[in-house]
Amino acid sequence: MSGVRFFIIALVITLAIQVQAKKTRVDRIDPPGWWTGMRNPDLQLMVYGKDIAETTPDISYNGVTLKKVIKMENPNYLFLNLTISPETKPGNFEIYFKKGKKIVDAYTYVLSSRNKDPELHQGFDGSDVIYLLMPDRFANGDNENDDVKGMLEEANRKNSLSRHGGDIKGISDHLDYLENLGVTALWINPLLENNMSEQSYHGYAITDCYKVDPRFGTNEDYKQLVKDAHKKGLKIIMDMVANHCGTGYYWNDDLPAKDWYNQWPEFTRTNYRGIVQSDPNASNADYDKMVKGWFDVTMADLNQHNPYVAEFIIQNTIWWIEYLGLDGIRQDTYPYPYKDFMATWMQRILEEYPDFNVVGEVWLNYPSLVAYWLDNESNNDGYRSYLTNVFDFPLMYALNKAFNEEDGWDRGTLALYETLAQDFLYSNPMNLVVFTDNHDGDRFYTKMQEDIRKFKLGMAFIMTVRGIPQIYYGGELLMTGSEHEGHGYIRKDFPGGWPGDKVNAFTQEGFSGEQLDAFNYTRRLLNWRKTNEAVQFGEFTHYIPESGVYVYFRHTDDEAVMVLLNNSEKEQKVDLSRYSINLKGYKGGKSVLTRAIFDNLDYLTVPAKSPMIVELVK
Ligand code: CA
């Protein structure tokens, strides 16, 4: 196109837009950009603008076809169904919005080339240790963004439920610390905009699904964080919410359709009873309340049975995976949306990223209930979730009990044994994410009654049992907090993350002796775990606890690890002849925690209330 011709066309468009500016214009289009080379050629754009439905959209770009234009009951929305053929080249194109022949607005849409780096989107597995952190509470890397004009809530560190100023820069500044600690993946609580008037720090009331909250940084900052983390061998797991959005979302006051949200005559809260989703005897009343009730007054329940809501959520997920180069997703409140939708959501992710992993927050207390949600083909009602990973809540509950009780016929470490004995329910128990604690419950050290011996037993267990371990920020330095005091107390600021902090966890400055002990212990355990394939992927064989000692093995054809958890208040001399089948072929061992060498496997003496992890030697 010649320069003069281009100039004239641009001038005409500009004038046309100016004439119509007050009447009709495009405020936003979601997703704001897309990629060529996706396996699914379809794309649905959600256009928002005053009376935009009075216009006719027009697209002219090689390979891109505008197949259908859909009007909602609200004239301020249009949905455009596009197909992007496989040979389409990346580039920008204009979407013109016309009235008759007159162009009333234009939007430049960007099609980028899909990132085909085979290292990306590889998911997570037993070789990983996940570190959960809450970005507002981890480290304040930039105090200039603590308060941002136009955002409703200001930072106030004195209030446990206000924003404290932590941000993306705070995370990227401390990747060295995390790498050194020995974790391999970061699960970061939601970073997307939460423009709510209070309690916006936790991130679960999202008000813009395509934008990082400016108090955390920008979309570009998030992308750079993923790149920087990858350089250090750290994976990033994004926290997502398909069930609800914050009532501060722009569409809240201008819903695309009446059924965009699940609506009730008056505010109706969910009953939080995830059990009804798999219960063959559940009443419809309980089901409706569970799935269609709102999670909170500030969290509107999205109706994924509206096909445009469903497509919006699915594309939003794929957009972030592709845009950031994510390794995994943690999906919030997994049993709260319609389960058929969640299965479709999972299938669509796996269609684009076959090796990807999603861990669902299925917060239910029994292995049978959790197993229903971990992808399997044997649910009696025929439901198949396609969900690759779930959190092992039942094992977390067993862990809370085990080391706080003396062992007995049905007490103490038998809780661990009994829970793991139910692994037959799971399609693949190795896909469970096992954890000490998270941002919704008492901190691990508090649950261990602030007894460092119990802390060590619990950490040793989580790092050696089958599954993918996850710890919670600050656990490594014995942070405490009880949920009954309020959520702010289990989400305290990480020491050293703010200027002037007396204790600095990043340098261990100001640590108590026990904190330093816990930190070094965790670091040693995690860094050893990176090197041992048996503990990452090996089979799990356990023995019924005896004399207060729970013994189990992780083993492959080539290596084996023996774990002895002495839950008694006495030193125990353990006769190893009972374990001879698992010890066959090994003549000695090495203690991972003390580095002691054992030149025979007749007896092992385990100190009171202590773990022993032995790498067996042939
Ligand atoms: Ca900040």
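Along the chain, the residues that donate to the calcium ion follow the spacing N-x1-D-x2-N-D-x18-G-x1-D. In this predicted model, the protein donors are Asn140 (OD1), Asp142 (O), Asn145 (OD1), Asp146 (OD), Gly165 (O) and Asp167 (OD), at 2.3 to 2.5 Å from the ion. The arrangement of the six donor atoms is irregular, because the angles they subtend at the calcium ion run from 64 to 163°. Among the donor residues, Asn145 is buried, with a relative accessible area of 10%, whereas Asp142 is partly exposed at 26%.

The largest nonpolar core holds 180 residues, of which Tyr131, Tyr222, Trp251, Trp320, Trp345 and Phe461 touch the most other members. Helix α7, spanning residues 307-324, gives the most to this core, with 12 residues. Domain 1 (2-113) and domain 2 (538-617) both contribute residues, so the core lies between them. With neighbours within four places in sequence left aside, Phe461 is in contact with Leu395, Leu399, Leu416, Leu420, Tyr550, Tyr552 and Leu565. Apart from the largest core lies another, of 19 residues, including Ala560, Val574, Tyr579 and Tyr586. In soluble globular proteins, nonpolar side chains tend to be buried together.

The count of salt bridges comes to 38. One of these pairs Arg25 with Asp27, the closest N and O atoms being 2.8 Å apart. Both partners are partly exposed: the relative accessible area is 45% for Arg25 and 42% for Asp27. A salt bridge also joins Asp30 to Arg28, with 3.1 Å between the closest N and O atoms. Here the partners count as buried, because relative accessibility is 3% for Asp30 and 19% for Arg28, and the cut-off for burial is under 20%.

Asp176 forms a salt bridge with Lys232, in which the closest N and O atoms are 2.7 Å apart. This pair links distant parts of the chain, 56 residues apart: Asp176 belongs to helix α4 (residues 175-181), and Lys232 to the loop between α5 (219-231) and β13 (235-240). Asp176 counts as partly exposed at 48% relative accessibility, as does Lys232 at 30%. Elsewhere, Asp239, Arg330, Asp332 and Glu361 are joined into one network by salt bridges that share partners.

Note on methods
Residues are numbered from 1 along each chain as its sequence is written. This is a predicted model: local features need pLDDT of at least 70, side-chain atom pairs count only at pLDDT 80 or more; totals for chains, interfaces and linings use all residues. Side-chain values use heavy atoms; hydrogens and water are left out. Donors are N, O and S atoms within 2.8 Å of the metal (3.2 Å for Na, K and Ca); water is not among the atoms, so sites may look incomplete. Four donors count as tetrahedral if all angles lie between 85 and 135 degrees; four count as square planar and six as octahedral if opposite donors are over 155 degrees apart and all others between 65 and 115; anything else is irregular. Buried means under 20% relative accessible area, exposed over 50%, partly exposed in between (1.4 Å probe, protein chains only). A nonpolar core is a set of buried Ala, Val, Leu, Ile, Met, Phe, Trp, Tyr and Cys residues joined through side-chain atoms within 4.5 Å. Helices (H or I, at least four residues) and strands (E, at least two) are DSSP runs, numbered from the N terminus. Domain bounds come from an automatic or database domain assignment. Contact means heavy atoms within 4.5 Å. A salt bridge is a side-chain nitrogen of Lys or Arg within 4 Å of a carboxyl oxygen of Asp or Glu.
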